[in-house]
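Good morning, and thank you for coming. Please look at the sequence and the structure on the screen while I take you through some of the contacts between side chains.

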Amino acid sequence: MKLKILFCIIMLAGSFCACQKEEELAPSRTPNPFAPLPGATDEESKLREEFYKNTGCHLLFNDTLRHEYRGLDENGQPFYETELLGIEWEMTAMKSSRFRFEYLQSQEQKSRVVRFLQTQLLGYMENVLPYSILAVNRIDEYSSDYGSYEYAGSPLTCSNLQCLAMDVNRLWKLTEEEEKTFAQDLCCEMIFASWGGSSLYSYTDGKAKEFFSINQYDYGQEKEYEDYWGNPVKLVPLEIGFLEDPYESTVPSAKEDAIAYIKACLSMTEEEFWAKYGGNDIKGNTRRKYNAIKPLLEASGIKFN
């Protein structure tokens, strides 16, 4: 398995003020590291170049943007100038997570990814296309705990201002008809990730605080338990604001709750949503959560209908 830990550097380009005259701008002689090398004729480079022409979005299959020989160092060893993608870097800060990627293994996989992106996924994202997409077979996330990093999960997506990385491994087992569902799952993951917040606080420290705070103390809870005073408590997920109840003895997690709402709200009109879920809204939590999440979905720019 070809994996690489990202300890990355992002080169951030400054912008000129709008009033500056076009003739005063000096064109850069440095090739764009997100694009294939000028004049490259190999199959992968041509595939990436054609994808950019069709979409306006750069496509990557490797997180090494640039690896250029610069001569010998003082010890006579070859010296290379390397630029990595750096998903953990934001404009002004660095995330506490690190990411490892497993790359695609064949040109056939890369060609299928291009078809999937152009025919299924990007149609949902046409108003919010990322600058670049990194397609890989696996993403592993490691979170910091007092200086050491421990495995925290394998998300479908992760991103920064320059790139959206996505795990497309499920694609190899899907029919063309099933690809639509996978594309929507990726969109839901992107939206959820964009809200930020920590699972430790049930994501109430992110943009969707109002949504998650409604069931903050129910997530992952046993359906039947005793409270602090020894009184029996019985939770019925569908009656306290959850759209799904997949587990026999426990309440869904915060992420499962959010993904269910994201997918339902993007897939249905408001009338369809309430026709399906309105009868369960006994305590009004479903209405409160719907009202909290709707503006966030509109702001995401992603649409299923």
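The count of salt bridges in this predicted model comes to 15. I shall discuss three of them, and I begin with a linked group.

Arg-66, Glu-68, Arg-70, Glu-81 and Glu-83 are joined in a network of salt bridges. Within it, Arg-66 pairs with Glu-83, and their closest N and O atoms are 3.3 Å apart. This pair links distant parts of the chain, since Arg-66 belongs to strand 3, residues 64–72, and Glu-83 to strand 4, with their positions 17 residues apart. Are these two residues buried or exposed? Arg-66 has a relative accessibility of 14% and therefore counts as buried. Glu-83, at 7%, is buried as well.

Another bridge in the network joins the side chains of Glu-81 and Arg-70, at 3.5 Å from N to O. Glu-81 lies in strand 4 and Arg-70 in strand 3, so this bridge ties together parts that are eleven residues apart in sequence. Here the accessibility values are 32% for Glu-81, which counts as partly exposed, and 45% for Arg-70, which is also partly exposed.

Strand 4, residues 78–84, also contains Tyr-80. With Tyr-69 and Leu-72, Tyr-80 makes a nonpolar surface patch of about 340 Å². Tyr-80 counts as partly exposed because its relative accessibility is 39%, and buried would require a value under 20%.

The third bridge lies elsewhere in the chain. Lys-289 meets Asp-257, with the closest N and O atoms 2.7 Å apart. Lys-289 is in helix 7, residues 285–300, and Asp-257 is in helix 5, so the pair ties together parts that are 32 residues apart in sequence. Lys-289 counts as buried, at 0% relative accessibility, and Asp-257 is buried at 2%.

Let us now turn to the nonpolar interior. The largest nonpolar core has 61 residues, and those with the most contacts inside it include Leu-117, Trp-195 and Ile-262. Which helix gives the most to this core? That is helix 5, residues 254–267, with nine residues. Trp-195 touches, among others, Phe-212, Ala-258, Ile-262 and Leu-296. A second, separate core has 14 residues, among them Leu-60 and Cys-158.

Finally, a word on confidence. The mean pLDDT of the chain is 87, and 87% of its residues reach 70 or more. Over residues 1–29, however, the pLDDT is below 50, and this stretch has 43 contacts in the model beyond near neighbours in sequence. Thank you for your attention.

Definitions and conventions. Residues are numbered from 1 along each chain as its sequence is written. This is a predicted model: local features need pLDDT of at least 70, side-chain atom pairs count only at pLDDT 80 or more; totals for chains, interfaces and linings use all residues. Side-chain values use heavy atoms; hydrogens and water are left out. A nonpolar core is a set of buried Ala, Val, Leu, Ile, Met, Phe, Trp, Tyr and Cys residues joined through side-chain atoms within 4.5 Å. Buried means under 20% relative accessible area, exposed over 50%, partly exposed in between (1.4 Å probe, protein chains only). Helices (H or I, at least four residues) and strands (E, at least two) are DSSP runs, numbered from the N terminus. Contact means heavy atoms within 4.5 Å. Patches are made of residues with over 30% relative accessible area and no salt bridge: like charges are joined within 9 Å, nonpolar side chains (Val, Leu, Ile, Met, Phe, Trp, Tyr) within 5 Å. Accessible areas come from the Shrake-Rupley method with a 1.4 Å probe; for residues, only the protein chains shown count as cover. A salt bridge is a side-chain nitrogen of Lys or Arg within 4 Å of a carboxyl oxygen of Asp or Glu. pLDDT is the predictor's confidence in each residue, from 0 to 100. Lists of a residue's contacts leave out its neighbours within four places in sequence.
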